[in-house]
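Dear colleague,

I am handing over the structure we spoke about, and it is placed just below this paragraph. Please open it first, and then read the notes that follow with the model beside you.

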Amino acid sequence: MHLDMNLLQILAVLFLPRAWCQSSRIGGGVVETKNITLPAGSRAVLPCHSPRMVWTRDQLKDRQRAVHWDVVHSSPGFSGERILDMSPGARQRVYNGFNKGRISIPDFAFTDGNFSLVINNVVSSDKGLYTCNLHHHYCQIDESIQIQLNVTKSVRKEKRYWDGEKTVFVVLLGSSVVLPCVNRRALWRDGLQEDQQQVAHWDFQPPGVRPNKADRLVDLYASGERRDYGPLFAQSKMSVAEDAFTFGDFSLSISDLKPADKGLYSCHLHHHYCGLHERRIFRLTVTPPLLREPTTSPRVFLNDELEPKTERVSTDKDNPRVVNFFLPEQRGYFVQHLGYFLATFLLLAFIVFAVIVLTRRRKKRGLEYETGRSVGGNVISGGEIELDCTEMRTCNQDPLNSEYKNNLMKERDMVKECNKEFDGKMWK
């Protein structure tokens, strides 16, 4: 029996490549790329955060890792249930009393990474889908594999195969079986120094330089060791927080940007213990500096007058007091007062034009009125000559009553004679 158990464990190890095909893949590459454009003379902060890089030492070394087996039975009336679980420093716990002493995993599972489930005296109710779950709370890693177990009464039907999704075991009723769950990665085993396997570093690649020729800026270790390269960190131009591993913040700060700082910056995070490898790339572009505007502006009163600034030159009693006035120079005030002047000038010009037009119209009406009075014949030249209206009516009516009334030519001659007589009286 002992030989059979050893043989089953060896077969479980041989099944390792196929068994872990469903496990989650941990690793990484370029997880973020970003373009950043800032003016020269400003301060740039290239963000690089990862909560998985936070250094929290596990003093007990037992509650950060756990393994548990679950099963979903194929028999009617049964559902999923937890079979057992185990963590470093604690004994395995079997949930069903019927399985105690019959189902177990090796006690040295967290030493060599063998979490295979051993089932003795297989019964028909053991048929179902089994799942091996591995949890690493410190590294935030969850991995699992599934195995289908079928029970048969015929020795000829006993076999194991891959159905394209999972491993299927067909075992004889009453026999023993080992469901393989082996993971020999370092984070699932004891005796490793976690703080020596956490590294963060920044690289700088100037324009036109190949990636393999990039300059190393700084190396950070969870143990507290720090290595700065080049004069940039020595001059405090670039910096990374001292407590980077406490908060998982490895952001690079660059002060007083210059055109020479243009290029690619890479943040590399390596957690060899957890299998974390991430890279973040930032393309930094430096533009010409912005024009600085005056921070303080002169006070302006409600009547648009500038507040003068006085400066005392001399305080000697024998000399008169001299006060200098300095008015702030701003184009806005000049344009404003120029607008007031132009508006006032246009208003005055409009008023003058209106007065001229009205005056001319009144003069024209006066001349027409005087002319009408002089033609009417009441008074001319101070009242010396008076025109008898009855004579005009007689002169005009007599020809009309004559026999030449319908003769147009003679009528015109009569009008001319009347005009001559009128003119003669006017000149007398």
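**What was found**

Asparagine 121 lies in the loop between S7 and S8, and a good place to begin is its backbone, since this residue has a positive phi of about 50° although it is not a glycine. Please keep in mind throughout that this is a predicted model. With a relative accessibility of 46%, asparagine 121 counts as partly exposed. Aspartate 256, in the loop between strand S17 (252-254) and S18, also has a positive phi of about 50° without being a glycine, and at 42% relative accessibility aspartate 256 counts as partly exposed.

The loop that holds asparagine 121 also holds aspartate 126, which lies between strand S7 (117-119) and strand S8 (128-136). How far apart are the closest N and O atoms of the salt bridge between aspartate 126 and arginine 102? They are 2.8 Å apart. Arginine 102 lies in the loop between strand S5 (93-94) and strand S6 (103-104), so the pair ties together parts that are 24 residues apart in sequence. Are these two residues buried or exposed? Aspartate 126 has a relative accessible area of 4% and is therefore buried, and arginine 102, at 8%, counts as buried too, because the cut-off for buried is under 20%.

A search of the whole structure finds 13 salt bridges, and another of them joins arginine 226 to glutamate 242, with the closest N and O atoms 3.8 Å apart. Since arginine 226 lies in strand S15 and glutamate 242 in the loop between strand S16 (238-240) and helix H5 (244-247), this pair ties together parts that are 16 residues apart in sequence. Arginine 226 is partly exposed at 25% relative accessibility, whereas glutamate 242 is exposed, with a relative accessible area of 69%.

Strand S15 leads on to the sheet. Which strands make up the open sheet, and in what order? There are 6 strands, arranged as S1-S19-S18-S13-S14-S15, and their pairing is mixed. Strand S1 (30-39) and strand S15 (226-228) stand at the edges with a single partner strand each, which means that one side of each has no neighbour in the sheet. From one strand to the next, the twist averages 15°. In general, the strands of a sheet pair through backbone hydrogen bonds, and they may do so in a parallel or an antiparallel way. Here, strand S18 (residues 263-271) and strand S19 (residues 276-287) pair in the antiparallel sense over 9 bridges, and the bridge partner of cysteine 267 is arginine 280 in S19.

Arginine 280 also belongs to a network of salt bridges that links Glu32, Lys34, Glu278 and Arg280. Within this network, the side chains of glutamate 32 and lysine 34 meet at 3.4 Å, N to O. Glutamate 32 is partly exposed, with a relative accessible area of 25%, and lysine 34 is partly exposed as well, at 33%.

Finally, please look at helix H6 (residues 331-376), where phenylalanine 341 lies. Phenylalanine 341 is exposed, its relative accessible area being 56%. Together with Phe334, Val335, Leu338, Leu342, Phe345 and Leu346, Phe341 forms a nonpolar patch on the surface, and the accessible area of these residues together is about 770 Å².

With best wishes

Technical notes. Residues numbered from 1 in each chain as written. Predicted model: local features only at pLDDT ≥ 70, side-chain atom pairs only at ≥ 80, totals over all residues. Heavy atoms only, no water. Patch = residues over 30% accessible without salt bridge, like charges linked within 9 Å, V, L, I, M, F, W, Y side chains within 5 Å. Areas by Shrake-Rupley, 256 points an atom, 1.4 Å probe, with all protein chains shown as cover. Salt bridge = Lys/Arg side-chain N within 4 Å of Asp/Glu carboxyl O. Helix = DSSP H or I, 4+ residues; strand = E, 2+ residues; numbered from the N terminus. Buried < 20%, exposed > 50% of the residue type's maximum accessible area, 1.4 Å probe, protein only. Pairing = 2+ DSSP bridges. Axes fitted to C-alpha atoms, helices over the stretch in contact; angles between N-to-C directions.
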